[in-house]
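New to this one? Take a first look at the fold, then come along for a short tour of a few spots worth finding.

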Amino acid sequence: MSQPNPLTTRQIMSKDNLTATSMLNSKPNSVCYLEGTCQTAWSLAQQFAIVRISPSTPPGRPPSPFSIRIKPISPTTYRPIKGDVTTKSVRARTVAATYARFYLETEEFGDPKRKGRYYWMALGAFASKTVACSLEHRAVKAAAKLGIDAVADGLGKGNFWLFQDIAPIHWLHSYDYSAYFHCASTRGEKLYEVMESQLTQLPWAEQALPRLQHLKLSSYAQKGMLLVREIEKLQPGSDTYREKQLAHLLAIANHEQRVVLQKLIYTDPDFTVWLQRQRALQQTADTLLEPSTTKPPQYVDETSQALALLTKTILPPLELVFAAACETKDPKLKSEVPKDTILENENSRMRWIGLAAKQFHGLMETQAEYMDQQLRSIASWHNPEMTTFELVLRQHDPWCMR
């Protein structure tokens, strides 16, 4: 094999940190180049999101002891799969960790001096953790074992594709905000051929990509990222800074809920039926447990009350807990879905999201140390061994997965 020139990736955006040299590859007389275009930028950004939730061993096969003792020179990244309920919950925790890392500015190309600009990511970390907790709930796991997979499938699909949508946007903005804004209008266009092939083969892609317009930027997302630039210019902690943070959070939340999750899971008949059944059971249980104003205590049906309590125990809670743990007894640290909320109804759900966002916003000011501690705990759930670019170069190819 002849020795090729060093693998050099041309300067894609305004930074020159993509230039690197790799070891020899297996292709004679081969040199790999990436042209500095928006297609390149979005392909690299999308690769970050795909690689982050891809297993490094084949699904169902644990790594060998040898590979643990001796780190392979050219690690292989395997394409994500739908997986069982456990796979989905593990992935949701990785997503939560990545969101927390973005907020804390410990993710690739993060800038600790700008911590606080990606405000939605902090709330997103708690939300993705909540998805993981729901997937780990005994009722969801039991249903999955019985072949009733609508809940786990819906939660897994929404979590997966929201990450594929939102993480690349923030990754590219962190790498080079000028490149992000220059390329914003091209988000949703086809990626490089190899990456486009990978994207279209991801789990649920046949449903997700058409519904999400191939991940095109919505007006909500564009507004949210413009607000990031405004936040960066303000004094952290000032009233204006906090106002812009909340405005950014709500803009991205509208994108998350209205553009991604509403189209992808809340219009799914199977998922909606499950929500309706859970709501009916919750309402029946709540009615039975409410103190009676018409019957004396001796006429209270204790059996019905016991069944109602059992029902509330069995069903996964509809709440957002602002902690790394799945549950908390402190009502100030969680936002419960109001009883009149119809989750599959976009506007009804957004009323609760707005309340949860404002509660979160308050805690980020009054309980700042606690919230930071919880986010750091969530961030610790995933520690990548190498950056996206290091992985590409170690695999001697512009795009790592085959």
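## The big picture

The protein's secondary structure adds up to 16 helices and two strands. Keep in mind as you look around that this is a predicted model.

Of the 402 residues in the protein, 52% are buried. On the outside, the protein exposes about 19700 Å², and carbon and sulfur atoms supply 54% of that area. Now for who touches whom along the chain: take the contacts between residues at least 6 apart in sequence, and 77% of them join residues at least 24 apart.

## Helices H3 and H4

Start with helix H3, which covers residues 85-104, and helix H4, which covers residues 119-136. The two pack with their axes 8 Å apart, at an angle of about 165 degrees. Angles over 145 degrees count as roughly antiparallel, so that is the label H3 and H4 get. As for handedness, H3 passes H4 in a left-handed crossing.

The loop between H3 and H4 holds glutamate 105. Its backbone has a positive phi, about 65 degrees, even though glutamate 105 is not a glycine. Is glutamate 105 buried or exposed? Its relative accessible area is 4%, and buried means under 20%, so glutamate 105 is buried.

## The loop between H9 and H10

Next, find helix H9 (205-211) and helix H10 (219-232); histidine 214 sits in the loop between them. Here is another positive phi in a residue other than glycine: the value for histidine 214 is near 60 degrees. Histidine 214 has 18% relative accessibility, so it counts as buried.

Serine 218 belongs to the loop between H9 and H10 as well. With a relative accessible area of 10%, serine 218 is buried. Its side chain reaches the backbone nitrogen of alanine 221 at 3.1 Å. Which residues does serine 218 contact, leaving aside its neighbours within four places in sequence? They are His255 and Val259. You can also check serine 218 against valine 260: the two are 42 residues apart in sequence, while their C-alpha atoms are 9.7 Å apart in space.

## Between the two strands

The last stop is the loop between strand S1 (319-321) and strand S2 (334-336), where you'll find threonine 328. Why does threonine 328 count as buried? Its relative accessibility is 18%, and the cut-off for buried is under 20%.

Threonine 328 also has a polar partner to look for: a polar atom of its side chain lies 3.2 Å from the backbone nitrogen of aspartate 330. Setting aside neighbours within four places in sequence, threonine 328 is in contact with Val321, Leu333 and Lys334.

## Looking back

If you want a quick recap, go back to the loops. Glutamate 105 lies between H3 and H4, histidine 214 lies between H9 and H10, and threonine 328 lies between S1 and S2. Serine 218, also between H9 and H10, is the residue to click on if you'd like to see contacts with His255 and Val259.

Technical notes
Residues are numbered from 1 along each chain as its sequence is written. This is a predicted model: local features need pLDDT of at least 70, side-chain atom pairs count only at pLDDT 80 or more; totals for chains, interfaces and linings use all residues. Side-chain values use heavy atoms; hydrogens and water are left out. Helices (H or I, at least four residues) and strands (E, at least two) are DSSP runs, numbered from the N terminus. Buried means under 20% relative accessible area, exposed over 50%, partly exposed in between (1.4 Å probe, protein chains only). Contact means heavy atoms within 4.5 Å. Accessible areas come from the Shrake-Rupley method with a 1.4 Å probe; for residues, only the protein chains shown count as cover. A polar contact is a pair of N or O atoms within 3.5 Å; within protein, one must be able to donate a hydrogen and the other to accept it, and residues adjacent in sequence count only if both atoms are side-chain atoms. Axes are lines fitted to C-alpha atoms, for helices over the stretch in contact, and angles run from 0 to 180 degrees between N-to-C directions. Angles under 35 degrees count as roughly parallel, over 145 as roughly antiparallel, 65 to 115 as roughly perpendicular and the rest as oblique. A crossing is left-handed if the near helix is turned anticlockwise from the far one by less than a right angle, and right-handed if clockwise.
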